[in-house]
Amino acid sequence: MKSEGNGRILGRVPAGEQLPQERILNFNEVVLGYAVEQAVAEANRCLQCKKSPCMQGCPVGVDIPSFIKLMKEGDFRGAAGKIKEKNSLPAICGRVCPQENQCEKFCTLDRKGKPIAIGRLERFAADFERNSGKISLPKKKKSVGKRIAVIGSGPAGLTCAGDLAKLGYEVTIFEALHKPGGVLAYGIPEFRLPKAVVEAEIDGLKKLGVEIKTNVVVGTSVTIDELFCEGYSAVFIGTGAGLPRFLEIPGENLNGIYSANEFLTRVNLMKSYLFPKYDTPIKKGKNVVVVGGGNVAMDSARTALRLGAKNVYLLYRRTEEEMPARAEEVQHAKEEGIKFRFLATPQKFCGVDGWVSGVECVETKLGEPDESGRRRPIIKKGSEFSLTADVVIVAIGTGANPLLLRATPGLELNRKGYVLANQNGQTSKRGVFAGGDIITGSATVILAMGAGRKAALEIDRYLSIL
Amino acid sequence: MFRILNKEVLAPSVIRLEIEVPDIERKAKAGQFVILRIDESGERIPLTISGFNEERGSISLVFQEVGKTTRQLASLSSEDCIADIVGPLGRPSEIENFGTVACVAGGVGAAVILPVAQALKKAGNKIITILGARNKELLILEDELCSISDEFFVTTDDGSKGHCGVCTDVLNELIAGGQGINRVVAIGPAIMMKFVCKTTEPHKIKTVVSLNSIMVDGTGMCGSCRVTVGGETKFCCVDGPEFDGHLVDFDELMNRQKIYLEEENLALKSYETRDVKRTECRCKAQKEEGER
Ligand SMILES: Cc1cc2nc3c(=O)[nH]c(=O)nc-3n(C[C@H](O)[C@H](O)[C@H](O)COP(=O)(O)OP(=O)(O)OC[C@H]3O[C@@H](n4cnc5c(N)ncnc54)[C@H](O)[C@@H]3O)c2cc1C
Ligand SMILES: Cc1cc2nc3c(=O)[nH]c(=O)nc-3n(C[C@H](O)[C@H](O)[C@H](O)COP(=O)(O)OP(=O)(O)OC[C@H]3O[C@@H](n4cnc5c(N)ncnc54)[C@H](O)[C@@H]3O)c2cc1C
Ligand code: SF4
Ligand code: SF4
Ligand code: FES
């Protein structure tokens, strides 16, 4: 098939989306994805560059030109298979990768401002395969007769488990919550990542023979040393960065003030948006203030809107440029009417009868860059202002949960409390490997998956030379 | 799925369930709790482990019917199943030989204090138990607690049994009477724990309380359970549930316990008006749901 165009570069094929005024009334997925013709048309824009610069931007090295070529030819299941050689969760990554900073940023056509919609295509191929009901199971090596324990069922744990199962290991995942998926299950909302998609990917793992034990908190229900005694040959820690940070300003324990983790867990994992059909309650604010500027803040703000808020303010202490959220989510949040207040930060929460009633804020300006390279916000004197609020969601980041780490002698941590591991995931404790947010701090789904994959290879190497 | 082995009604709307969870039974220590979810649409609620049975690989939970979830839990019977139980959670009680320990229990607090009192007794302490309830019908676990106590007092608000009044009356008398109490463990409604702490504070008797803040995950992930202790924010599920009562901000705790009052009433109402209450086991139905 010849590539489209005679020097003229067509724009990206837009994917269907629910209209903003409709979608804020439901929790259904916002982006509807491509139809077959759209997917082929978008694939046809790809130049099949010899050096495939796009691949440099993908942390797991998906063979982008090859899968797109198969899509041009209409072989969507073949494309899905191609992607899965490197990325075991394509339906998820196609939806949530920050493509504008990864694969699409390196696409030759990005220079013209029209990079190939690689994420959309990836999603299409994966959805096509799933909907066809004929999901090809990856090949599995002969059993090596060794058991591996994976702690945590987020993208790091799932990928590590899948890869080890393919290598012939017997893998058990231990998950603290009652549902597997990690942030994919409890954090990222249904309207961005339908839970059915996550469940289907997890089913695929189960078909590979991975056993998932929910309701097990490693560290209290069982310790890592006990897992070794029970006959596991190696342990992978993929427990994420799940400890919520608070602002530590006056009034933060007033009723109506949530950590983003709590707010999103209630809504996504416990389905409180369906209360009282589901038992878990949630406070539905009329005037909601969200503090933070990442994906978590966007998800919280847009969730609050869907729960019926009239006004949702998002306070971010730097400018739009520094916001770490995916570009698409910021765009969607704006369309939906989230009110952004850049260069502002809360100083105090006010309350009436024990309930939050408002947030006292102050404006900031940007000073010298800090260690992360972003310019540090400085408080502007005399710029105080206040916002009315009956619900506040604090989404200023997370840290490492010490529960498991405290219960694991011999496991070294870094200054910030994350697990210390080399680039292959080897920790200071023999037979124990780690990857994902628990070593890097909050990052991305695809990086967590990449870490899970590297650790799987390292575990295989470690066990074969043992 | 976790099987209920036995169900007992201890007092009006106070139930004891024995549940088969060998993995938890093996690990749990006095003072720890579990979080359970009855079924697919259920909420996660914390309940303290009140007893252990090594042979049967079971734990017992004692709870009071206060709202939708506890009401539904009370409607289950032996051989029914519960979808999820996770634990043991929280830090175990500090068990040492302190000398003389006064265990003050209010309402279902008796069930929570029982394993702690048993462990303290085993560690060689002299145990003085003060068991309080609104009336004699609501007194639970009297025999169990009495059997491990060196001194045992009962108080009821209406005087239908034991001392007429509240448990702090007896505690006050004991302290005034020169009983050398080295430590107090107080477990019950927040307001009762607050007053016990007020009673012991002037005498500088270390008082341990077990806080019941609203929880979701129970692993330190959500911050729903945050409480102020000694001016610092702590997570009840991982830093507690037991804390030094003299440092606890009880007013904040009581305020936070009220967050979902409105929703809780709504949930209870909608449960009560449901045509068919789910009294039979839902294992099968859930399995089918799961497969769909
Ligand atoms: C709201 C939100 C939105 C996000 N949006 C995006 C996005 O759009 N794109 C993107 O790329 N990234 C996004 N991220 C970041 C991304 O989700 C994370 O970087 C990624 O999930 C990390 O994966 P992980 O496997 O390391 O850990 P997690 O996904 O955090 O999973 C860890 C799992 O381990 C379990 N666990 C923890 N401790 C124990 C224990 N002791 N025993 C047993 N189990 C335990 C936890 O319950 C959890 O299920 C978002 C994050 C959040 C919170
Ligand atoms: C560590 C801990 C141990 C506990 N142990 C026991 C016990 O052994 N026996 C017992 O009877 N009760 C115990 N509780 C309290 C018990 O969890 C609540 O009574 C129960 O959750 C009420 O649920 P409901 O739906 O029936 O009532 P609701 O109508 O929902 O609530 C009634 C009251 O219970 C509290 N509550 C509601 N939801 C939660 C929740 N998710 N987490 C915590 N509290 C909540 C609130 O203060 C609320 O006002 C414990 C609580 C904690 C935190
Ligand atoms: S996995 Fe993510 S970064 Fe890699 S190609 Fe797919 S969307 Fe791009
Ligand atoms: S860089 Fe862009 S145009 Fe070139 S092969 Fe990759 S996706 Fe296609
Ligand atoms: S219950 Fe979620 S942090 Fe304690």
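**Contacts in a predicted model**

Student: What makes the link between the side chain of Thr70(B) and ligand 2 a polar contact?

Tutor: An oxygen atom of ligand 2 is 2.4 Å from a side-chain N or O atom of Thr70(B). A polar contact is a pair of N or O atoms within 3.5 Å (within protein, one must be able to donate a hydrogen and the other to accept it, and residues adjacent in sequence count only if both atoms are side-chain atoms), so this pair fits. The model is predicted, so local features need pLDDT of at least 70 and side-chain atom pairs pLDDT 80 or more, while totals for chains, interfaces and linings use all residues. Residues are numbered from 1 along each chain, chains are lettered from A and ligands numbered from 1 as written, and side-chain values use heavy atoms, without hydrogens and water.

Student: How do you know that Glu43(B) makes one with ligand 2 too?

Tutor: Its side-chain N or O atom is 3.0 Å from a ligand 2 oxygen, so it passes. Glu264(B), at 3.1 Å, passes as well.

Student: Over in chain A, what is the buried area between domain 1 and domain 2?

Tutor: About 1,800 Å², 73% of it on carbon and sulfur atoms. That's called buried because it is accessible area (1.4 Å probe) that the two parts lose on being put together, summed over both. Leu89(A), Ile92(A) and Val96(A) supply 30% of what domain 1 buries there, more than any other three residues.

Student: How many salt bridges are there between these domains?

Tutor: Zero. No pair there puts a side-chain nitrogen of Lys or Arg within 4 Å of a carboxyl oxygen of Asp or Glu.
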